[in-house]
Amino acid sequence: MYKLLLLSVLAVAPMAASAHIPSEGGTFSPDKGLDLSTSFAAQHSAILAALKDGKTYSEISPADRQQVVASLDRISGLLGASASPTQLSEADRLEVFNEQERVNTLLTRARSDSRLLCTREKPVGSHRPVSKCMTVAERRRAQDNSQQQLQQLQHRPINGANP
């Protein structure tokens, strides 16, 4: 029975894995980034949807979000009716490339900060482990806060001590 179940799972796994691979028809993939060799309009709307979903880029700052949207708008304005950046002048092509790199850099940083990490911890006084999930950025903020509180405690004068 166990072997039959294992074989059926192994048979279905490749089909399920291929169902999640994005098509090359111009869709945006957060892993791949903005790629102007495919349809910009589809990627533009996919990036805006990913920014609004609250999951993919949950840790992006408002300033970075504004920069991404502004860069996408500049690319859209520069491309205009052109199908690809190769039809643009050298100066416009360079500006489109720089905006593309800015978008990819900001989105990559936001996505890596938005990754959810879970740990199993046993609270003090209990033997029952509890799952504790935080994003990478939340963990970094908690660590910085702890270090700051520790430094404040170490530099605080002790009552009754002579300075």
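**Figure 1. Close-up of R93 in helix α4 of the predicted model.** The residue at the centre of this view, R93, belongs to helix α4. R93 has a relative accessible area of 32% and is therefore partly exposed, since values between 20% and 50% fall in that class. Once its neighbours within four places in sequence are left aside, R93 is in contact with P85, T86 and L88. A further reference point is L78, which lies 15 residues from R93 in sequence. The C-alpha atoms of R93 and L78 are 8.5 Å apart in space.

**Figure 2. Packing of helix α3 with helix α4.** Two packed helices are described by the angle between their axes and the distance between the axes. Here the axes of α3 and of helix α4, which spans residues 90-113, come within 9 Å. They cross at roughly 150°. Because angles over 145 degrees count as roughly antiparallel, α3 and α4 are described as roughly antiparallel to each other. Their crossing is left-handed. On the α3 side, the residues that meet α4 are D64, Q67, V68, S71, L72, R74, I75 and L78. Their counterparts in α4 are D92, E95, V96, E99, Q100, R102, V103, L106, L107 and R109. Sorted by class, the contact of α3 with α4 comprises 8 nonpolar, 3 polar and 7 charged residues.

**Figure 3. Packing of helix α2 with helix α3.** This view shows helix α2, formed by residues 40-52, against helix α3, formed by residues 62-79. The angle between the two is about 165°, and their axes are 11 Å apart. α2 and α3 are therefore roughly antiparallel to each other. α2 passes α3 in a left-handed crossing. From α2, the contact draws on F40, H44, I47, L48, L51 and K52. From α3, the residues taking part are R65, V68, V69, L72, D73, I75, S76 and L79. By class, the contact of α2 with α3 has 9 nonpolar, 2 polar and 3 charged residues. Among the α3 residues in this contact are V68, L72 and I75, and V68, L72 and I75 also meet α4.

**Figure 4. Close-up of S45 in helix α2.** S45 is placed in helix α2. With a relative accessibility of 44%, S45 counts as partly exposed. The view also includes F28, which is 17 residues from S45 in sequence. In space, S45 and F28 are 8.8 Å apart, C-alpha to C-alpha.

**Figure 5. Close-up of P30 in the loop between α1 and α2.** P30 is found in the loop that joins α1, residues 2-19, to α2. P30 has a relative accessibility of 30% and so counts as partly exposed. Apart from its neighbours within four places in sequence, P30 is in contact with T56, Y57 and R111. L107 is 77 residues from P30 in sequence, and the C-alpha atoms of P30 and L107 are 7.8 Å apart. L107 is also one of the α4 residues that meet α3.

**Figure 6. The whole protein as the setting for the close-up views.** The protein contains 5 helices and 2 strands. Read from the N terminus on, its elements run α-α-α-α-β-β-α. Of the 163 residues in the protein, 23% are buried. Among contacts with a separation of 6 or more, 46% are between residues 24 or more positions apart. The protein exposes about 11,900 Å², and carbon and sulfur atoms supply 57% of that area.

How values were computed. Residues are numbered from 1 along each chain as its sequence is written. This is a predicted model: local features need pLDDT of at least 70, side-chain atom pairs count only at pLDDT 80 or more; totals for chains, interfaces and linings use all residues. Side-chain values use heavy atoms; hydrogens and water are left out. Axes are lines fitted to C-alpha atoms, for helices over the stretch in contact, and angles run from 0 to 180 degrees between N-to-C directions. Helices (H or I, at least four residues) and strands (E, at least two) are DSSP runs, numbered from the N terminus. Angles under 35 degrees count as roughly parallel, over 145 as roughly antiparallel, 65 to 115 as roughly perpendicular and the rest as oblique. A crossing is left-handed if the near helix is turned anticlockwise from the far one by less than a right angle, and right-handed if clockwise. Contact means heavy atoms within 4.5 Å. Ala, Val, Leu, Ile, Met, Phe, Trp, Tyr, Cys and Pro count as nonpolar, Asp, Glu, Lys and Arg as charged, and the others, Gly among them, as polar. Buried means under 20% relative accessible area, exposed over 50%, partly exposed in between (1.4 Å probe, protein chains only). Accessible areas come from the Shrake-Rupley method with a 1.4 Å probe; for residues, only the protein chains shown count as cover.
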